[in-house]
Amino acid sequence: KESAPSSRMTLPREKGRRQAVRGPAFMFNARGSSLAPEEERFLDAAEYGNIPVVRKMLEESPTINVNCVDYMGQNGLQLAVGNEHLEVTELLLRRDNLARVGDALLLAISKGYVRIVEALLGHPSFAGGERLTRSPCELQDDDFYSYDEDGTRFSPDITPIILAAHCQKYEVVHMLLMKGARIERPHDYFCKCADCTEKKRKDSFSHSRSRINAYRGLASPAYLSLSSEDPVLTALELSNELTKLANIEKEFKNDYRKLSMQCKDFVVGVLDLCRDTEEVVAILNGDISAELEEGQHHRCLLSRVKLAIKYEVKKLGKILRSPFMKFVAHAASFIIFLCLLVFNASDRFEGITTLPNVTVTDHPLQIFRVKTTQFSWTEILIMVWVAGMMWSECKELWTEGPREYIMQLWNVLDFGMLSIFIAAFTARFFAFLQAMKAQEYVDENIHAPDLSLVTLPPDIKYFTYARDKWLPSDPQLISEGLYAIAVVLSFSRIAYILPANESFGPLQISLGRTVKDIFKFMVLFIMVFLAFMIGMFILYSYYLGAKVNPAFTTVEESFKTLFWSIFGLSEVSSVVLKYDHKFIENIGYVLYGIYNVTMVVVLLNMLIAMINSSYQEIEDDADVEWKFARSKLWLSYFDNGKTLPPPFSIVPSPKSFYLCIKRLVNLLRCRPRRLKKDVELGMDNSKSRLNLFTQSSMRMPDSHSFNSILNQPTRYQQIMKRLIKRYVLKAQVDKENDEVNEGELKEIKQDISSLRYELLEEKSQATEELSLLIQKLSDKLNPRPVHPH
């Protein structure tokens, strides 16, 4: 009578998923066939959420092996967790010596079963916290994180908090952080410590995978939001680090770029949730409370925007406003400088009056070079402007540091242009000094009415020569050449202010990208050009004077011929010989033809295609690219200082005097830095503290000043807490909306399965009770006859 209910209870298993899953998978049959019937029934009950059977077997069979595994090597706990049976999981967690709790935790995290994760974290094996901080590969002698005897379900370097961060499980990340779990930042790629060296030697690929898995966790919005006191700053710095790694670890270049973009999107997402000006200012400036307390107002202007521009978070460029007057003043100053350059050459627009072979002097005893090396008033004004611009560049170099200064290509162009101007004027000044020395000699030693009537020493007579007799190394010639280069660079500097205009900005950006493409192209171009230049020179170097023209007979002629042939300015007769050496001549024809096809048809068209591609990329996103370039332009005018444009910038301002006196007073007093700065420095160096969500629940260091700062959060910290809460709530809602249909259906399915087994259990108990009552009633109604002995 008891067999009937039992057979009914096993009926769902016979119609369930297990038979279909197993099928003819002979690779696993040997493992599954060793199960006892009791163990088979136990695993079925754990997998399908049969709570009454699991409870009954655990209570009535204390010797049952709860760590028995099915044909796939999974035990009852793994099956219960995988099918989201919370009650079964709680029953199993009460048993001692339960295996593979770590794998069950990772499985629950990956599926997003928050209540099961919470139950698993309450297991005694996680009490010490070591299981949460050490990865499975560091617990090789333990099957705690093993899926089966063959290894772990996930990569052996994956810890619970890394997996939770990968899966964007905010509640799970918060629980793990409260338990003391952290994601350790990987060492520098070029680290030579014993640990990194050993990992690279043992398995370099596995080492790289572990690094990128750690960075995936660090770049997760869930981890950034909940683990950092300043998520915006952390995301910006991490984005920059990931961008650098993308250029170092080429195998994972795309992965690092995606993570870098993910950090930038996180910053933009937080910024999008701002609701008032105060919140926007807090994001853009960062925590400026310490600087404001010390009166250092000049250090708190848009620090986060500067980082965003530096790390190319282009979406932030839409929110800036231009300090109009400062920009206009500097632009006007530069335009006046260009006008001076044009005006300085205006006297030669229609040609020169003094030919290169003619000398003209103001009086017979004047040295000709004194007249030609004198500085005009326009050149003096140009020198003043150059001095002012160079002083501004030096101050910027001092403020930003050499490394940051060089990172901006416009700074390199400015410094190079001004250096060439200074070199040109210096050479001109030396030429003037030499001419003046010659003039002094004439004034002191020559008493004739005309210099043409006396014989001068060679070193003095040289300064009376016309231009056609000057030496190639003459300082004045060098000065004129350098000055011409500087003028060209000066006019190219106009491109710097073009992003201020919506029409010219995208064109300037395309031009800059084109220059980069040309530099890439030049590597291949130079390689091909050198190969043909040397080859053609070797072929024709023995025929100097025996060719129709001197092409290819020297290295210089070979260079000129091949270079100008790119533009179609070289003739085919360049390979023709006067002698009847047809073999050499035919080889010349073939090489010259291959060169023209390779250069003109292949390489130049490839360059055009690269330029078109770059232009199309800019054009497709022209608005964002232009606003980002405009933001970079405007940002240089947001800082305090640089108020006066050149040449007025060389005049010390009252503020400069004040700051200089203040620094001298502080230097004389030798005051130590405040303790608060040390605390801030410690906060910057810390890599593993919780943010404002968890500070109240965690133990803090014993430092009184540190506690006082955390117990009294600044206004910035309050705003950041508010914004991060909004971000987390929005992320959770978005994730729920994405998974609402599948998640609800799965939850309903699990509830129905559990309810089914509970109803079957109640029905079984009711059937047993009814059978017992019928038996008792039958005994009373039909008493057994008593047979006399």
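Cys68 has a relative accessibility of 5% and therefore counts as buried in this model, which is a predicted one. Its burial introduces the question of how the cysteines of the chain are arranged. A disulfide is a covalent bond between the sulfur atoms of two cysteines. How many disulfides does a search of the whole structure find? The search finds 0. Cys191 illustrates the point: the closest cysteine sulfur to its own belongs to Cys193 and lies 3.4 Å away, which is too far for a bond, because a disulfide requires the two sulfur atoms to be within 2.5 Å. Cys191 is itself buried, with a relative accessible area of 19%.

The chain as a whole gives the setting for these residues. It contains 35 helices and 2 strands, and 41% of its 789 residues are buried. Among contacts with a separation of 6 or more, 74% join residues that are 24 or more positions apart.

Confidence should be considered alongside these totals. The average pLDDT of the chain is 78, and 78% of the residues score at least 70. Residues 1–27 have a pLDDT below 50, and beyond near neighbours in sequence this stretch has 30 contacts in the model. The pLDDT is also under 50 over residues 692–710, where the model has 35 contacts beyond four places in sequence.

Helix H4 offers a view of one helix in detail. It comprises the 12 residues 37–48 and reaches 17 Å from its first C-alpha to its last, close to the 16 Å expected at 1.5 Å a residue. Of these 12 residues, 9 are buried, so H4 is largely enclosed by the rest of the structure. The buried positions in H4 include the acidic residues Glu39, Glu40, Asp44 and Glu47, together with Phe42, Leu43, Ala45, Ala46 and Tyr48. After H4 comes Gly49, with a positive phi near 75 degrees.

Further along the chain, the unreviewed UniProt entry annotates residues 324–343, 374–391, 412–433, 521–541 and 589–611 as "transmembrane region". Two of these spans may be compared with the model. Residues 374–391 are 83% helix and 0% strand, with their end C-alpha atoms 25 Å apart. Residues 589–611 are 100% helix and 0% strand, and the end C-alpha atoms of this span lie 32 Å apart.

The aromatic residues complete the picture. A pair of aromatic rings is described by the distance of the centres and the angle of the planes. The count in this structure comes to 25 aromatic pairs. One of them joins Tyr189 and Phe190 in an edge-to-face arrangement, at 5.0 Å centre to centre and with 85 degrees between the planes. Tyr189 counts as partly exposed at 26% relative accessibility, whereas Phe190, at 51%, counts as exposed. The rings of Tyr215 and Tyr256 also form an edge-to-face pair, because their centres are 6.0 Å apart and their planes stand at 75 degrees. Tyr215 belongs to helix H14 (residues 204–218) and Tyr256 to helix H17 (residues 253–272), so this pair ties together parts that are 41 residues apart in sequence. Are these two tyrosines buried or exposed? Tyr215 is buried at 1% relative accessibility, and Tyr256 is buried with a relative accessible area of 0%.

Finally, one aromatic cluster is formed by Phe521, Phe525, Phe529, Phe532, Phe559, Phe563, Trp564, Phe567 and Tyr595.

Note on methods: Residues are numbered from 1 along each chain as its sequence is written. This is a predicted model: local features need pLDDT of at least 70, side-chain atom pairs count only at pLDDT 80 or more; totals for chains, interfaces and linings use all residues. Side-chain values use heavy atoms; hydrogens and water are left out. Buried means under 20% relative accessible area, exposed over 50%, partly exposed in between (1.4 Å probe, protein chains only). Helices (H or I, at least four residues) and strands (E, at least two) are DSSP runs, numbered from the N terminus. The expected span of a helix is 1.5 Å times one less than its number of residues. UniProt positions are given in the numbering used here, feature names are shortened, and annotations may be inferred rather than shown by experiment. pLDDT is the predictor's confidence in each residue, from 0 to 100. Contact means heavy atoms within 4.5 Å. Rings of Phe, Tyr and Trp (its six-membered ring) pair if their centres lie within 6.5 Å; planes under 30 degrees apart count as stacked, over 60 as edge-to-face and the rest as tilted.
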